[in-house]
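Trainee: Got a minute to go through this one with me? Please put it up on the screen.
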There are 2 protein chains.
Amino acid sequence: MTEAIDILNSHNIRPSVQRIAILKYLLEHRIHPTVDDIYLALNPTMPTLSKTTVYNVLRNLVENGAVLALTIDEKNVRYDADISLHAHFRCQSCGELYDLKQPSMSDENIPGFEIENVHVYYWGKCPKCMNKK
Amino acid sequence: MTEAIDILNSHNIRPSVQRIAILKYLLEHRIHPTVDDIYLALNPTMPTLSKTTVYNVLRNLVENGAVLALTIDEKNVRYDADISLHAHFRCQSCGELYDLKQPSMSDENIPGFEIENVHVYYWGKCPKCMNKK
DNA sequence: TTTCATTTTTGTAATGATTACATTTTTGAT
DNA sequence: ATCAAAAATGTAATCATTACAAAAATGAAA
């Protein structure tokens, strides 16, 4: 499994052990984890890992466009290794964060602005919570 | 000028002096201010105002749908008294936050989800910074 | 208008995520 | 093997936000 390494290389990020581990975790756990989620998950197998490193690596990944930082959760930033164009939905009942298809959007209404990035955040009730009456 | 009072009433928020002042400030300063901006702006004329009150009032306003909380700025939450459907753009050069027209979006791709709220955030370069070479 | 319960505001202290920074470790080229 | 650059680490600091308890304001009922 060299996917993480390939991604790092293609974004001009040197593939250190920690960077590979963190990106690998993100690729294999599409749960939009927080810094703490990642740190706690990796710590057992990487006891020397520092939480500062998790912060450093994630900032690096985000700055180089290898990972998305989501601010849909008011408490914590959440990270997403899926950088394809898609939207996010957060359930106001259970807090779960879902991937949704990016809606097709008209972009002709922003002349003069050079857009590099778009995030679409939805809030509401997810199907699971809809069924709980 | 009773607009602030009317808005508070229509959202079932009792119009206290502090709530009126904060909402009034938001209505008259469409700059998407932070908690600190608001506190510092009002403090000279309301010396007894507490920053905790600004937090409390804004949480109340947001929970009752009278004001939007924007998380487009990674440092601070920004508040917007314009609750009509519109998008936001943040310039990665100068940090300025702009209102943009909400793009027309197809919503047929989210069956089972009950959507109550949408935020569309754009990042990129604003016209002013585009002209600075 | 006085009384009294409820709501709101206030100030301080606590929390918790994130960053700054100095040190140590690792890396990779020579 | 050497050495400079890059990366990781741990601790301390920062800073936005919240918790909480006390004080103040409000508004309805008597």
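Trainee: Which residues come nearest to DNA strand D?
Mentor: S16(A), Q18(A), T48(A), T53(A) and Y55(B) do, out of 15 residues around the strand; a residue is near if one of its heavy atoms lies within 4 Å. Keep in mind that this is a predicted model, where local features need pLDDT of at least 70, side-chain atom pairs count only at pLDDT 80 or more, and totals for chains, interfaces and linings use all residues. Residues are numbered from 1 along each chain as its sequence is written, chains are lettered from A and ligands numbered from 1 in the order written, and side-chain values use heavy atoms, leaving out hydrogens and water.

Trainee: Where does S16(A) touch the strand, and how far is the atom?
Mentor: A polar side-chain atom of S16(A) is 2.4 Å from a phosphate oxygen of DNA strand D. R19(A) also has a polar side-chain atom by a phosphate oxygen, at 2.9 Å. Such polar contacts are pairs of N or O atoms within 3.5 Å.

Trainee: And which base atom does T52(A) meet?
Mentor: A base oxygen of DNA strand D, 3.2 Å from an N or O atom in the T52(A) side chain. Of the strand's atoms within 4 Å of the protein, though, 80% belong to sugar or phosphate.

Trainee: New topic: what angle do α3(B) and α4(B) make?
Mentor: About 125°, with the axes 10 Å apart. The axes are lines fitted to C-alpha atoms over the stretch in contact, and angles run from 0 to 180 degrees between N-to-C directions. Helices are DSSP runs (H or I, at least four residues), numbered from the N terminus.

Key: Helices (H or I, at least four residues) and strands (E, at least two) are DSSP runs, numbered from the N terminus. A polar contact is a pair of N or O atoms within 3.5 Å; within protein, one must be able to donate a hydrogen and the other to accept it, and residues adjacent in sequence count only if both atoms are side-chain atoms.
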